[in-house]
Structure formats: structure tokens, C-alpha cells
Protein chains: 2
Amino acid sequence: MNKEDFIIHAFLNEKNGDDGAIINQWCYSKDLFFENVHFKREWLSLEQIATKAMLVNISDAIVMNAEPKYALLGLALPNLSNEEIKILQKGFLKTAKKFGIKIIGGDTIYNDKIDISITIISKIRKKAIFRKGLKKGHLLAYTGNLGESLRGLEILQNGGKLNLNHRFIKPKLRADFFYEIAPFISCAMDISDGLSKDLSRLLVKNKCGIEWLKNLDDYTLYSGEEYEILFAFDEIQRFKIEQIAKKHRVKLNIFGKAMKGKYEFNGREHHF
Amino acid sequence: MNKEDFIIHAFLNEKNGDDGAIINQWCYSKDLFFENVHFKREWLSLEQIATKAMLVNISDAIVMNAEPKYALLGLALPNLSNEEIKILQKGFLKTAKKFGIKIIGGDTIYNDKIDISITIISKIRKKAIFRKGLKKGHLLAYTGNLGESLRGLEILQNGGKLNLNHRFIKPKLRADFFYEIAPFISCAMDISDGLSKDLSRLLVKNKCGIEWLKNLDDYTLYSGEEYEILFAFDEIQRFKIEQIAKKHRVKLNIFGKAMKGKYEFNGREHHF
């Protein structure tokens with residue numbers, strides 16, 4: 001058991017173990033976005049840091065089939081100038097506005113680096129989607145193209161630069177698509193630690209193995225921070241989901257089928 | 001304007017500027033508790049770190065007149081052993097249990113130090129108490145004895161040790177007392193940055209000055225992380241509040257009266 005799994009297990013109760021926790025049709029999620037853990041200062045501008053911190057948190061709400069409404073910001077900041085704080089603020093506010101989120105509070109402290117903690121309070125749309133719900137025979141799918149985030153990370157680690165809209169800088173969330181397929185799927189989670197790792201969590205939770213329908217390369221399997229969506233559905237919903245994907249121009253990759261058995265994660269984890 | 005005030009101002013809306021934000025009778029609060037900002041590793045055991053991180057967050061809920069119900073934990077941790085994680089966990093779980101809180105989720109990452117971010121979701125009891133509400137003529141009061149936290153900090157900074165129940169290690173919250181006086185007071189906040197600093201926030205927010213009824217020494221004025229409560233009430237409620245304080249054996253210090261005018265904070269802030 002790795003450390004995160006150990007800690008998750010230590011605090012396990014019926015509410016957690018998903019991207020968000022649901023209470024009375026509200027979803028609560030919290031993700032950390034820390035300098036030298038998730039990003040290096042030279043890789044992202046202050047506005048990009050704030051924007052990505054918001055997006056990775058909003059992603060959790062979306063995959064629970066919830067609409068983000070409010071945010072609390074925990075900001076641990078080094079000695080930034082007022083001008084720099086305004087640029088950081090712009091990233092938070094623009095992203096909040098885009099998703100209809102009101103920033104309702106939080107905490108700010110001095111720190112030796114930029115460490116951001118965000119809590120998103122989101123409203124469930126009809127019914128929540130959980131990681132649990134996968135049944136044997138269900139098709140496993142992910143959205144978009146995986147691998148770009150890891151490729152971007154490698155470019156940055158080698159001193160290169162990325163385009164402003166590169167997935168590593170600004171993840172592309174699939175809210176409209178996901179909200180529309182939600183009634184037809186059995187479970188979902190976002191891909192933050194790499195498809196292989198996140199798939200193993202999904203399969204373990206549902207006590208399933210997998211029959212692979214496609215060969216996936218290492219970039220697809222091990223690229224973290226993609227914020228594409230891993231989900232599953234009964235074969236009977238396939239046509240409907242394909243239609244919705246077409247409508248939203250979202251690439252749909254059906255790569256496996258849940259089976260009796262066990263899937264062991266034995267790849268590398270996403271850490272730099 | 002100092003940096004925290006600048007940032008608070010940058011994100012200001014009608015919901016924030018209090019210890020918690022209220023939406024539909026729920027209160028949402030978030031405080032950071034970071035190594036080398038709020039504590040040093042040699043000052044607190046892992047259990048004490050977790051306990052204090054919880055208490056400073058629960059304090060925010062209490063002074064809004066809310067009962068804490070749920071918590072999200074953001075844990076950025078260095079490479080701790082499983083044994084150490086269990087000790088940390090004990091601090092979270094014992095404190096959560098004591099206050100009837102369920103830990104519903106969060107996020108865990110590796111980091112170079114122990115940085116904790118907690119979100120508390122609490123239920124308002126009848127009506128929320130805000131920082132706003134002070135009227136000219138209201139009496140200003142604080143609970144307990146201030147200064148102990150700063151004295152403890154000085155002892156630690158000089159290499160000394162503190163008793164396990166010292167306020168700097170384990171703040172004493174006044175939940176039962178506060179819930180009982182809440183219907184009779186006009187405003188409140190916890191004393192986290194020192195009475196002088198927090199009083200200035202309260203007075204500025206309510207556009208009031210102060211007539212001092214007592215001379216307060218520097219330890220009383222400038223000791224942060226006390227988590228005693230600063231509050232105000234109409235003189236007509238004085239007897240009732242004194243009775244409730246007596247019942248709960250809480251020392252009540254009526255030290256000033258809100259007046260027309262302006263209070264300027266010009267002391268030192270609480271940072272080590």
C-alpha cells in the first residue's frame with residue numbers, strides 16, 4: 001500500500017474515497033496545488049497557477065455530476081508584490097466567473113512557496129456519480145487523448161516552454177459532455193494520477209478485473225494531471241454515449257470491459 | 001494595508017470577511033496550519049499538530065455560532081512512517097470525535113514539510129454571529145486570560161518546553177459558553193492574531209472607535225493564537241452574560257466600549 005492509499009484508508013468512512021463527498025445533494029471536494037509538488041514557478045505564470053489550481057478542483061465536482069457554486073481559497077504565499085497578487089487573483093476570479101463560482105472565504109498566510117488549497121462546494125445535478133457502481137460487463141472508457149500532460153512535463157523538465165493552452169498548463173474540462181452522459185453511466189472519476197493508477201483504484205473499489213479491448217501505450221497509461229474522465233457504462237448505453245460525444249466533439253475511447261478478476265497497478269506513479 | 005488585508009480585500013464579497021461564510025444555515029470555514037509558519041516540528045508532537053490544526057479550525061465555527069459537523073483534510077506531508085501517520089491520525093480523529101465531526105474527505109500529497117489545510121462544515125444554531133453588528137455604546141469583552149500563548153511561544157523559541165495542556169499547544173475553546181451567550185451578543189470573532197489586531201478588524205468593520213475601560217498590557221494585546229473570543233453586547237445584556245460566564249467558569253473581561261471614532265492598529269503582528 002503506498003502512502004496516499006495508507007492515509008486514505010486511515011480516514012476511510014462511507015463518505016470519502018470519491019473525488020468529492022456528498023451530503024444532502026451538495027458535494028464537497030478539496031485538492032491541494034503546491035509549488036514543487038504540482039508545479040515549479042518557472043513553468044507557470046501566477047495567473048496560470050491560480051487557474052490550474054481552480055480547474056483541478058472544479059474537475060472533482062464535475063465528475064461527481066455536480067455544478068460548482070462556491071469556493072474557499074487557502075493561500076500560502078511568499079512575499080509577492082501587490083501587482084503579483086493581482087495577477088494571481090485574476091486567475092482565480094476569471095476561472096471562478098467562467099464556472100459560476102463565488103469565492104466565499106478562506107485563509108491567507110506567508111509561506112516559503114506558493115501552496116494553494118481549494119475547497120469547492122458544488123450542487124449535485126439530479127444524482128451523484130461515484131467511483132462505485134461498475135458491474136462486470138460494463139465498458140470502460142476515457143475522454144480525449146491521454147499522454148499530452150506527461151509530454152508537457154518532460155518538455156518543462158528539460159527547460160522547454162509550452163503553449164499557453166497546453167493541457168499541462170490549462171486542463172480541458174468536459175463539463176457539458178459529462179453532465180449529459182451522467183444519467184447513462186455507472187461510475188466515473190477524473191484522471192489525475194494517470195489512467196493506470198486511477199483505473200486500478202476504480203477496479204479495486206468495484207472488485208473487478210479488466211479485459212483490454214485496446215493496447216494502450218505508456219504515455220496513455222502513465223500520464224498524470226490529465227483531468228480527462230475515466231468512466232464506465234452498460235453496453236446498452238453505448239450508442240447514446242457515442243452520440244453525445246459526437247455532439248460535444250469529445251473523443252471517446254472505449255478501451256476495456258470490466259470482468260471478474262483483479263487488476264494490479266504496477267506501473268510508475270505520477271510524481272516529478 | 002498589510003498583505004493579508006490586501007488579499008482579503010481583493011477577494012471581498014458579501015460572504016467573506018468573517019471567520020466563516022454562511023450559506024443556507026451552513027457555515028464554511030478554512031484555516032491553514034503550516035509548519036514553520038504556525039509551528040515548528042520540535043515544538044509539537046504529531047498528535048499535537050493534528051489536534052491544534054483541528055482546534056483552530058473548529059474555533060472559527062464556534063464563533064459564528066455554528067456546530068461543526070464535517071471536515072475535509074488537506075494533508076501535505078513529508079515522508080512519515082506508517083507509525084507516525086497513525087499518531088497524526090489519532091490527533092485528527094480524537095478531536096473530530098470530541099466535537100462530533102465526521103471527516104468526509106480531502107487530499108494528501110508529499111511535501112517538504114507538514115502543511116495542513118482543514119475545511120470545517122458547520123451548522124448554524126438558530127442565527128449566525130458575525131463580526132458586523134457592533135453599535136456605539138456596546139461593551140467589548142474577551143474571554144479568559146490573554147498572553148499565555150505568546151509567553152509559551154517565547155519559551156519554545158528559547159528552547160524550553162511547555163506543559164501538554166499549555167494554550168499554545170492545545171487552545172481551549174469555549175463552545176458551551178459561547179453558544180449560550182450567542183443570543184445576547186452583537187458580534188464576535190476569535191482572537192487568532194492578537195487582541196489588538198483582531199479588535200482593529202472588528203472596529204474598522206463596524207466603523208467604531210473605542211473608549212478603554214481597562215489598561216491592557218502588551219502580552220494581552222499582542223498575543224496571537226489565543227483562540228479566546230472577542231465579542232460585544234448591549235449593556236442591557238451584561239448581567240445575563242456575567243451569569244452565563246459564572247456558570248461556565250469562564251473569565252469575562254469587559255475592557256472597552258464602542259464609540260464614535262477610529263481605532264488604529266499600530267502594534268506588532270503575530271508572526272514568528
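Let me begin with salt bridges: in this predicted model, the count comes to 30 salt bridges over all chains. As background for those of you new to the term, side chains of opposite charge can pair when their charged atoms come close. One of the pairs is formed by the side chains of E225(B) and K52(B), with 2.7 Å from N to O. What I would like you to notice is that this pair links distant parts of the chain, for E225(B) lies in the loop between α7 (218-222) and β9 of chain B, while K52(B) belongs to helix α2 of chain B, and the two are 173 residues apart.

That pair leads us to the sheet that contains β9 of chain B. What is the order of its strands? It is an open sheet of 5 strands, running β7-β9-β6-β10-β8 in chain B, and the pairing is antiparallel. At the edges stand β7 (187-190) and β8 (209-212) of chain B, and because each has a single partner strand, one side of each is left without a neighbour in the sheet. Going from one strand to the next, the twist averages 30 degrees. If you look at β7(B) and its partner β9 (residues 229-233) of chain B, you will find 4 bridges joining these antiparallel strands, and within that pairing D190(B) has I229(B) as its bridge partner.

Helices pack on this sheet as well. Helix α2 (residues 46-63) of chain B, the helix that holds K52(B), touches β7 and β9 of chain B, and its direction makes about 180 degrees with that of β7(B). Helix α8 (residues 238-247) of chain B also packs on the sheet, where it touches β6 (139-143), β9 and β10 (252-259) of chain B, at about 155 degrees to the direction of β10(B).

Let us now turn to chain A, and to a sheet in which 5 strands are again found, this time in the order β1-β2-β5-β3-β4, open and with mixed pairing. The edge strands here are β1 (21-23) and β4 (102-110) of chain A, each of which pairs on one side only, and neighbouring strands are turned by 20 degrees against each other on average, direction ignored. Helix α2 (residues 46-63) of chain A packs on this sheet, touching β2 (26-34), β3 and β5 of chain A, and its direction makes about 145 degrees with that of β2(A). Inside the sheet, strand β3 (residues 66-77) and strand β5 (residues 115-124) of chain A run antiparallel and are joined by 10 bridges; in this pairing A76(A) stands opposite D115(A).

Finally, how are the two chains related? Chain A can be laid on chain B with an RMSD of 0.0 Å by a turn of 180 degrees and a shift of 0.0 Å along the axis, which means that the relation is that of a two-fold axis. The same surface serves both copies, since 100% of the contact residues of chain A recur in chain B.

At the interface, 56 residues of chain A are in contact with 56 residues of chain B, and the area buried between the chains is about 4700 Å², with carbon and sulfur atoms giving 67% of it. Which kinds of polar pairing are found there? The rule finds 0 salt bridges across the interface of chain A and chain B, whereas 11 residue pairs are in polar contact between them. On the side of chain A that touches chain B, the largest share, 9 residues, comes from β4(A).

Definitions and conventions
Residues numbered from 1 in each chain as written. Chains lettered and ligands numbered in written order. Predicted model: local features only at pLDDT ≥ 70, side-chain atom pairs only at ≥ 80, totals over all residues. Heavy atoms only, no water. Pairing = 2+ DSSP bridges. Axes fitted to C-alpha atoms, helices over the stretch in contact; angles between N-to-C directions. Contact = heavy atoms within 4.5 Å. Least-squares fit on C-alpha atoms with pLDDT ≥ 70 in both. Buried area = accessible area lost by both parts, 1.4 Å probe. Salt bridge = Lys/Arg side-chain N within 4 Å of Asp/Glu carboxyl O. Polar contact = N/O pair within 3.5 Å; in protein donor to acceptor, adjacent residues only side chain to side chain.
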